[in-house]
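Biologist: Please take a close look at one part of this model and follow its contacts outward. Explain each term when it comes up.

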Amino acid sequence: MDKLLIRGGHALQGDVVISGAKNAALPELCAALLCAEPVTLVNVPRLQDVSTTLKVLRHLGATAERSESRPDEVRIDAGQLNSTEAPYELVRTMRASILVLGPLLARFGTAKVSLPGGCAIGSRPVDQHIKGLQAMGAQITVEHGYINAAAPAGTGRLKGARITTDMVTVTGTENLMMAATLAEGETVLENAAQEPEIPDLAEMLIAMGAKIEGHGSSRIRIQGVERLHSPVRPHHIVPDRIEAGTFLCAVAAAGGDVTLRRVRADHLDAVIDKLREAGAVIEAGDDWIRVQASGRMKSVHFRTSEYPAFPTDMQAQFMALNCIAQGTSRVTETIFENRFMHVNELVRLGAHIAVDGHTAIVEGIAQLSGAHVMATDLRASASLVIAGLVADGETVVDRIYHLDRGYDQMEAKLRGLGADIERIKG
């Protein structure tokens, strides 16, 4: 397995281009299953999870390929599918694979999808997906590790319904919104997630002929149509706010002056507010953010919650920053019950962290010490990279296949900013 070797102590300087959002790309690739005409996406990040999704689409019978002349462009044609089953061997590493369930069921009236895998950061139940589809008339059984779903007999189409999920669920909102686009009648999603990736998906679906209102709020209305079509223009995937936030934290920790390009500052309000509280100087325009940092930051308390509050996907990176900040901070995780697995690895680098249930108390110290550490999940791997950038000596981050699932050429981008970082091939 590949590893990263980081020699800490270098401030970051220059410009970095932020890639398209992983959490928008995956549902939008799956949304191409909803129509029989080609769909083109641009600003598609080069990630392991994207590659896995393309393999799933090909297994179903779609053509799904990157452009040779433009690597961030992907064309999907699901006009001639020959299967509605997403097997375990393809989806076991990625929880977002559940996102083929709604489109397959809505368009073909049947779907068989393996229960998904992914990062071991806590329970991510699919019961809200199932509950919502059942409210739309689907007959669903779960057996032998698979979700077996069939649309109502007769028309073979799902029925519009009012659906209130028991919790805010991003993939649940996306799956049900996609399914509702081809259902008979109106569907209302209550308690819908509001993350920026959801209105981005909705805008793509609207360009395909869907009738959607309220996306970006907690209530989304979808009036079902008989069929969707190819968008007139390629859909441009929204920038990755978590990648952007990770680079902002890296500069705040290592020091320097960096401008992020092709980014949406309005998607990062909670993160930017906390970084300013910590002492970073941040300016922003329509598609850029400049961050300047010198000396040790100040520790800041934060609590993760659903968007637009502080994102759980930035908790580990900000904890790494708190490890070398002045003062003591309290970090409370409310989304996933097992998202402190990076703590033990940060402690190996010398961090002072004590965990009590869903809260971590971080006592900032002046200097971390390089060591061999192991990534346990996607965002944990990013926190270890940030810690390695400021640690004394060499840090080796193992199992970086987690990093490759969600960051597009992270070490190359950091190296372009002056970091001493290299990939060691396994």
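Modeller: Buried means a relative accessible area under 20%, exposed means over 50%, and partly exposed lies in between, using a 1.4 Å probe and protein chains only. This is a predicted model, in which local features need pLDDT of at least 70, side-chain atom pairs count only at pLDDT 80 or more, and totals for chains, interfaces and linings use all residues. Residues are numbered from 1 along each chain as its sequence is written, and side-chain values use heavy atoms, with hydrogens and water left out.

The part to examine is proline 27, which sits in helix α1. Helices (H or I, at least four residues) and strands (E, at least two) are DSSP runs, numbered from the N terminus. Proline 27 counts as buried because its relative accessibility is 1%. Contact means heavy atoms within 4.5 Å. Setting aside residues up to four places away in sequence, proline 27 touches Lys22, Leu99, Glu174, Met178 and Leu201. Its C-alpha atom is 8.0 Å from that of threonine 171, although 144 residues separate the two along the chain.

One of those partners, Leu201, leads to helix α7 (residues 197-207), where Leu201 is buried along with Glu197, Ile198, Asp200, Ala202, Met204 and Leu205. After α7 comes glycine 209, with a positive phi near 105°. Before α7, asparagine 191 is found in the loop that starts from β11 (186-190). Asparagine 191 has a positive phi of about 60° although it is not a glycine. With a relative accessible area of 28%, asparagine 191 is partly exposed.

Back at α1, the helix has a second helix beside it. The axes of α1 (residues 22-31) and α2 (residues 48-60) come within 10 Å and cross at roughly 5°. Axes are lines fitted to C-alpha atoms over the stretch in contact, and angles run from 0 to 180 degrees between N-to-C directions. Angles under 35 degrees count as roughly parallel, and α1 and α2 are therefore roughly parallel to each other. On the α1 side the contact is made by Lys22, Ala25, Leu26, Leu29 and Cys30, and on the α2 side by Asp49, Val50, Thr53, Leu54 and Leu57. Lys22 thus appears twice in this account: in the contact with α2 and among the residues that touch proline 27. The residues of the helix contact divide into seven nonpolar, one polar and two charged. Here Ala, Val, Leu, Ile, Met, Phe, Trp, Tyr, Cys and Pro count as nonpolar, Asp, Glu, Lys and Arg as charged, and the others, Gly among them, as polar.

Another residue within the span of α1, Asn23, gives a further link: aspartate 313 is in contact with Asn23, Ile242, Arg339 and Arg379, leaving aside neighbours within four places in sequence. Aspartate 313 counts as buried because its relative accessibility is 15%. Its place is the loop between β18 (302-303) and α10 (315-323). UniProt, in an unreviewed entry, lists Asp313 under "binding site", together with Arg95, Arg124, Pro125, Val126, Asp127, Gln128 and Ile335. Such annotations may be inferred rather than shown by experiment.

Proline 308 also lies in the loop between β18 and α10. A cis peptide bond joins tyrosine 307 to proline 308, with omega about 15°. For comparison, most peptide bonds are trans, and most residues other than glycine have a negative phi.

Definitions and conventions: Parallel < 35°, antiparallel > 145°, perpendicular 65-115°, else oblique.
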